[in-house]
Amino acid sequence: MIRFLIPLICLVLFFMEPVFGLFSPLKIDGELNYIVPRFLIMFLIFLTLYYDLKHAMFYGLFFGLLYDVFYIDIIGLYSFLYPAICLVAAFAFKRIPRNLLTATLLTLVLLALFEFLLYQFFLLISLTGMPLGTFITTRLWPTMIANSIFLVMLGWVFKSVMVTQLSERDNKIGLY
């Protein structure tokens, strides 16, 4: 039963994102601020850092394809970006110390990179005409603040789940 914990968490986070997306946009000081929850990619980055790159890339490809099919209708965007961000996380984490603070900061930096790449792609195919300054003030900063609050609250839970799963996998005896 423990081996189904990681896919179950991914599935729950996948379905939680649109629910929390219903709280957006927020009107603050007469300006609309858009908050985009990115719970799944943050979990996948933690999966990369504390469990296994291969599993993170597989789940990234699978859930990225689901995200493409159900939410944006551009097949390949998220199914490419999710594993690519996991790969960048694995590469970057080899060069920095392994602790929760650096993992949290790296996750937030990669999340900003993810949002910026999405913005650039949508700008390239003319799905958005939002200027860069507007994107940063009305979408990137509110998204980063909201996701950092989520990550500060649940980052240690993500890490403990990964460490527990890793020890279970290493202590497992058998053919599988």
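S126 is exposed, with a relative accessible area of 62%. This residue sits in the loop between α5 and α6. Its phi is near 65 degrees, a positive value in a residue other than glycine. All of this is read from a predicted model.

D29 also has a positive phi, about 55 degrees, although it is not a glycine. D29 lies in the loop between β1 and β2. At 81% relative accessibility, D29 counts as exposed.

Another backbone feature falls in the loop between α1 and β1 (26–28), where P25 is found. The peptide bond joining S24 and P25 is cis, with omega about 0 degrees.

**Salt bridges**

How many salt bridges does a search of the whole structure find? The search finds two. Both pairs are listed here.

| Pair | Closest N and O atoms |
|---|---|
| R38 and E115 | 2.5 Å |
| R139 and E115 | 3.1 Å |

Take R38 and E115, with their closest N and O atoms 2.5 Å apart. This pair links distant parts of the chain, 77 residues apart. R38 is in the loop between β2 (31–33) and α2, while E115 is in helix α5.

Are R38 and E115 buried or exposed? R38 is buried, at a relative accessible area of 2%. E115 is buried too, at 1%.

R139 forms the other salt bridge with E115. R139 lies in helix α6 (residues 132–171) and E115 in helix α5, so this pair ties together parts that are 24 residues apart in sequence. Through shared partners, the salt bridges join R38, E115 and R139 into one network. In general, side chains of opposite charge can pair when their charged atoms come close.

**Helix α4 and the cysteines**

Helix α4 covers residues 77–93, which is 17 residues. From its first C-alpha to its last it reaches 24 Å, close to the 24 Å expected at 1.5 Å a residue. Its buried residues include L77, Y78, L81, Y82, I85 and F93. P83, C86, A89 and A90 are also among the buried residues of α4. What covers them? The cover includes α1 (5–21), α2 (39–50), α3 (53–72) and α5 (100–124).

C86 leads to the question of disulfides. The structure holds zero. Why do C10 and C86 not form one? The sulfur of C10 is 9.3 Å from the closest cysteine sulfur, in C86, and that is too far for a bond. A disulfide needs the two cysteine sulfur atoms within 2.5 Å. Seen from the other side, the closest cysteine sulfur to that of C86 is in C10. C10 counts as buried, at 0% relative accessibility. C86 counts as buried as well, also at 0%.

**A nonpolar surface patch**

Which residues make the nonpolar surface patch? L11, F15, L65, V69, F70, Y71 and I75 make it, with an area of about 680 Å². Helices α1 and α3 each supply at least two residues of this patch. The largest share comes from α3, with four residues. I75 has its place in the loop between α3 and α4. I75 is exposed, with a relative accessible area of 56%.

How values were computed
Residues are numbered from 1 along each chain as its sequence is written. This is a predicted model: local features need pLDDT of at least 70, side-chain atom pairs count only at pLDDT 80 or more; totals for chains, interfaces and linings use all residues. Side-chain values use heavy atoms; hydrogens and water are left out. Buried means under 20% relative accessible area, exposed over 50%, partly exposed in between (1.4 Å probe, protein chains only). The expected span of a helix is 1.5 Å times one less than its number of residues. Contact means heavy atoms within 4.5 Å. A salt bridge is a side-chain nitrogen of Lys or Arg within 4 Å of a carboxyl oxygen of Asp or Glu. Patches are made of residues with over 30% relative accessible area and no salt bridge: like charges are joined within 9 Å, nonpolar side chains (Val, Leu, Ile, Met, Phe, Trp, Tyr) within 5 Å. Accessible areas come from the Shrake-Rupley method with a 1.4 Å probe; for residues, only the protein chains shown count as cover.
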